[in-house]
Amino acid sequence: FIPIESGNRNLNATESDQWSLGLVWSPLDGLSFGIDYYNIDIDEEISRSTYQRLMDQEFALRQAGEAGSLVGGVSRGVGGRLVSIDNPLINVATRKTEGVDLDLRWAFSIGRFGDVRTSLLWTHVINFEESDIADPSREVSRDGDLFFPEDRGQLTLDWALGDFTATTVGSYTASQSGGSDFCFFLDPCRFASFTTWDVQASYSAPWG
């Protein structure tokens, strides 16, 4: 079938209310700790529906008595063959989220063995809600759902000595399960937590 991702002249403007509160504490030279709380409320956010939801809507309309080759943006040919689905931009009503960001940084020297800088960044989602595209009057909680992990973290370690530098970065993503149209294809509908490590090194040559 042909997916048609069209625009929409009748879209409303997206509006948001956002506020945050943060604190940074540096008890020692080179050591700092930061914590930030954020709260974001978005109205009339612009997005697209999923193709599964559009087909579900078409099915409901046909069950209610609508007929023809085009019903609810879904076009069908001879024998009910799927031809195209029109998926325009839409206002998906609301999205609300709040969470906490942590930022720990430490820089120190190890003498003739070089200088070290390390940082730990962590984000915890306290709440993430959005309107159900199929039923905008209903809000669904997404935190912890597939593609909406509650926790993400990144640990960075930098080392430098003269012309030599090296960096190691570890990134963590918490487990996720359920709450997605992709669950139709996944069994079990779950992503385990995972961590990736990236390592790089460099040397500055003495010539120009």
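Two strands count as paired here if DSSP finds at least two bridges between them. With that in hand, let's walk through this structure, which is a predicted model.

A good place to try the definition is strand S12 (151-161). S12 and strand S13 (residues 164-173) pair in the antiparallel sense, and they do so over 10 bridges. To find one spot in that pairing, look for arginine 152, which stands opposite threonine 173 in S13. The connection between these strands is a hairpin: two residues sit between S12 and S13, and glycine 162 in the turn has a positive phi of about 60 degrees. S12 has another pairing as well, with strand S10 (residues 115-131), where 10 bridges join the antiparallel strands. In that pairing, arginine 117 stands opposite aspartate 158 in S12.

Now step back along the chain to the loop between strand S11 (139-141) and S12, where you'll find aspartate 145. Is aspartate 145 buried or exposed? With a relative accessibility of 13%, aspartate 145 counts as buried, because the cut-off for buried is under 20%. What does aspartate 145 touch, once its neighbours within four places in sequence are left aside? The contacts are Gln176, Ser177, Gly178 and Gly179. Aspartate 145 also forms a salt bridge with arginine 142, with 3.9 Å between the closest N and O atoms. Both residues of that pair are buried. And the pair doesn't stand alone: Arg142 and Asp145 belong to a network of salt bridges that also links Glu45, Arg95 and Glu130. For context, a search of the whole structure turns up nine salt bridges.

Next comes a separate piece of the picture, an open sheet of four strands. Its order is S1-S7-S6-S5, and the pairing is mixed. Strand S1 (2-4) and strand S5 (70-71) are at the edges with a single partner strand each, so one side of each has no neighbour in the sheet. The mix is easy to see if you go pair by pair. S1 and strand S7 (residues 82-86) run parallel and are joined by three bridges. Proline 3 has isoleucine 85 in S7 as its bridge partner, and isoleucine 4 stands opposite aspartate 86 in S7. S6 and S7, by contrast, run antiparallel, again with three bridges joining them. Here arginine 76 has leucine 82 in S7 as its bridge partner. S6 and S7 form a hairpin with five residues between them, and the turn includes glycine 79, whose phi is positive at about 70 degrees.

Lying across this sheet is helix H1 (residues 51-63). It crosses S1, S5, strand S6 (74-76) and S7, and runs at about 70 degrees to S6. H1 has 13 residues and reaches 18 Å from its first C-alpha to its last, close to the 18 Å expected at 1.5 Å a residue. Which residues of H1 are buried? They are Arg53, Leu54 and Glu58. Looking down the axis of H1, you'd see its buried residues fall within an arc of 145 degrees, so they line one face of the helix. The cover over those buried residues includes S5, S6 and S7. Turn to the other side of H1 and you meet Phe59 and Gln63, which are exposed. After H1 comes glycine 65, with a positive phi near 120 degrees.

Glutamate 58 deserves a second look. At 3% relative accessibility, glutamate 58 counts as buried, and its side chain meets that of arginine 62 in a salt bridge (2.7 Å, N to O). Both residues lie in helix H1, four residues apart, or about one turn of the helix. Arginine 62 is partly exposed, at a relative accessible area of 27%. Glutamate 58 also has a salt bridge with arginine 76, whose closest N and O atoms are 2.7 Å apart. Since arginine 76 lies in strand S6 and glutamate 58 in helix H1, the pair ties together parts that are 18 residues apart in sequence. Arginine 76 itself counts as partly exposed, at 22% relative accessibility. So arginine 76 shows up in two places: it pairs with leucine 82 of S7 through a bridge, and it forms a salt bridge with glutamate 58.

Methods. Residues numbered from 1 in each chain as written. Predicted model: local features only at pLDDT ≥ 70, side-chain atom pairs only at ≥ 80, totals over all residues. Heavy atoms only, no water. Contact = heavy atoms within 4.5 Å. Axes fitted to C-alpha atoms, helices over the stretch in contact; angles between N-to-C directions. Buried < 20%, exposed > 50% of the residue type's maximum accessible area, 1.4 Å probe, protein only. Expected span 1.5 Å × (residues − 1). Arc of directions from axis to C-beta. Salt bridge = Lys/Arg side-chain N within 4 Å of Asp/Glu carboxyl O.
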